[in-house]
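Biologist: Please take a close look at one part of this model, and then relate that part, step by step, to the rest of the chain.

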Amino acid sequence: MTATTLFYILITILIVNFIIAKVLDFLNSKHFDDAIPAALKDVYEKEDYEKSQAYKKTNARFSNTTGLFSLMLTLVFFYVDGFKYVDQLARNYSENTIVITLIFFGIIFIGSDIVNTPFSIYKTFVIEEKFGFNKTTKKTFIIDKIKGLVMTVVIGGGLLAVIVWFYEFAGNNFWMYAWGIVALFSVGMNMFYSKLIVPLFNKQKPLEEGELKSAIQDYAKTVGFELNNIFVIDGSKRSTKANAYFSGFGKQKRITLYDTLIHDLETDEIVAVLAHEVGHYKRKHIVFNLTSSILLTGFTLWLLSLFVSLPIFSEALGVAIPSFHIGLIAFGILYSPISEVTGLCMNMMSRKFEYQADNYAKETFSAPPLISSLKKLSKNSLSNLTPHSAYVFMHYSHPTLLQRVENLKN
Ligand SMILES: [Zn+2]
């Protein structure tokens, strides 16, 4: 294969990915105005439903514009040999491979961040604002941005530097070392995410003594689940949308409730949501997800090791000196169809787990409060009640509201 052929293969992959995504979006948008299924008639009042319709359409238009813009920009960048110039720029500053790699990805990251920031400002302060979700102040937005940047530099830069260092001394066997460090990192993140990362962005405090806490602990006792860590996080600082999640395992396991969730739901509805989360833990979904993502990382790194040093990768992108960072860019694009497939498998698995967790909540607690909580959460986030089945198949990590309600009623 020639470098030119590879160049056009990369371009084709970028375009085909975009077309598939847009066809799915289009199919989905054709169903925005479908009749609401009978089981979900009580989710929205007429006025709220109209608002949710408008929200779906606004978001669809926004995603079409940003998607097309970013594809165009990427294609132009490829055609003008953008990577060649970034590579040269990085090489002007240093002869050390690790430093060159860090500068190279630093420029790409900052460049794409500058391009994307106006869109994210528009999304937060125009769209979310218009539909009443936004609680983020300008100050919070800017501080989040800075913290996110520092975190990417420290964590992303650190991991990248270590991996390039492995590549330097172990050659194509680098993937085993890289896998080890990434696996350790994933497990560490899963254990300590709530303790180390969340406090950088949110305030969290233990759930206060009272009706809700006793109701949760009474439930936890009935299923023999030791639960000492229940935290409330100030999600309302950024958005009115509500959430709850489970993290860690062993002694580190904890449940985090958004203050917005406590505000929106009744006590038995919150306990039902928690029962669902406990279901994920008891059915070992958390361990399964972590294990499968570590195995998948190993497979990806191994595949990367077969290709990363091929000179044709750098030739295709117009770069004279083959390097790990150019190999990584070309590989990233070649791998994206595979990652679509693995993502699809993960979504299918995740939807199955959601049913299992719902069933667990139904068996150990009760179905009606879970149904009403799901409906309320859907209403409060103006979610789509009539998605297209192909869109659900590809993108949804959860079954649709209708599917979950029907399953819970069975
Ligand atoms: Zn779940």
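**A loop leucine and its wider setting**

Modeller: With a relative accessible area of 34%, leucine 310 is partly exposed (buried means under 20%, exposed over 50% and partly exposed in between, with a 1.4 Å probe and protein chains only). The model is a predicted one, in which local features need pLDDT of at least 70 and side-chain atom pairs count only at pLDDT 80 or more, while totals for chains, interfaces and linings use all residues. Residues are numbered from 1 along each chain as its sequence is written, and side-chain values use heavy atoms, with hydrogens and water left out.

Leucine 310 sits in the loop that runs between α11 (285-307) and α12 (311-316), where helices (H or I, at least four residues) are DSSP runs numbered from the N terminus, as are strands (E, at least two). Leucine 310 and leucine 10 are 300 residues apart along the chain, and a distance of 15 Å separates their C-alpha atoms.

A similar reading can be made for aspartate 25, which belongs to helix α1 (residues 3-30). Leaving aside residues up to four places away in sequence, aspartate 25 touches Ser63, Asn64 and Tyr391, contact being heavy atoms within 4.5 Å. Between the C-alpha atoms of aspartate 25 and phenylalanine 353, which lie 328 residues apart along the chain, the separation is 25 Å.

Two other loop residues deserve attention for their backbone angles. Aspartate 81, found in the loop between α2 and α3, has a phi near 55 degrees, which is a positive value in a residue other than glycine. Because its relative accessibility is 26%, aspartate 81 counts as partly exposed. Lysine 284, placed in the loop between α10 and α11, likewise has a positive phi, of about 65 degrees, although lysine 284 is not a glycine. With a relative accessible area of 56%, lysine 284 is exposed. As background, most residues other than glycine have a negative phi.

Threonine 140 offers a helical counterpart, its place being in helix α5 (residues 138-170). Threonine 140 counts as buried because its relative accessibility is 12%, and, with residues up to four places away in sequence not counted, threonine 140 touches Lys237 and Arg238.

From these single residues one can turn to the interior. The largest nonpolar core has 45 residues, and Ile216, Leu257 and Leu385 touch the most other members of this core; such a core is a set of buried Ala, Val, Leu, Ile, Met, Phe, Trp, Tyr and Cys residues joined through side-chain atoms within 4.5 Å. Helix α10 gives the most to this core, contributing seven residues. A second, separate core has 42 residues, including Phe105, Val308, Phe313 and Ala316. Returning to one member of the largest core, leucine 257 touches Ile216, Ile230, Phe231, Val232, Ile233, Asn243, Ala244, Ile262, Ile270 and Leu274, where residues up to four places away in sequence are not counted. In soluble globular proteins, nonpolar side chains tend to be buried together.

The helix that gives the most residues to the largest core also leads to the metal site. The zinc ion has as its protein donors His276 (NE2), His280 (NE2), Glu354 (OE) and again Glu354 (OE), at 2.0 to 2.6 Å from the ion; donors are N, O and S atoms within 2.8 Å of the metal (3.2 Å for Na, K and Ca), and sites may look incomplete because water is not among the atoms. Along the sequence, the spacing of the donor residues of the zinc ion is H-x3-H-x73-E. Distant parts of the chain are linked here, since histidine 276 lies in helix α10 (residues 267-282) and glutamate 354 in helix α13 (residues 324-364), with their positions 78 residues apart. Histidine 276 and glutamate 354 are both buried, in contrast to leucine 310, which is partly exposed.
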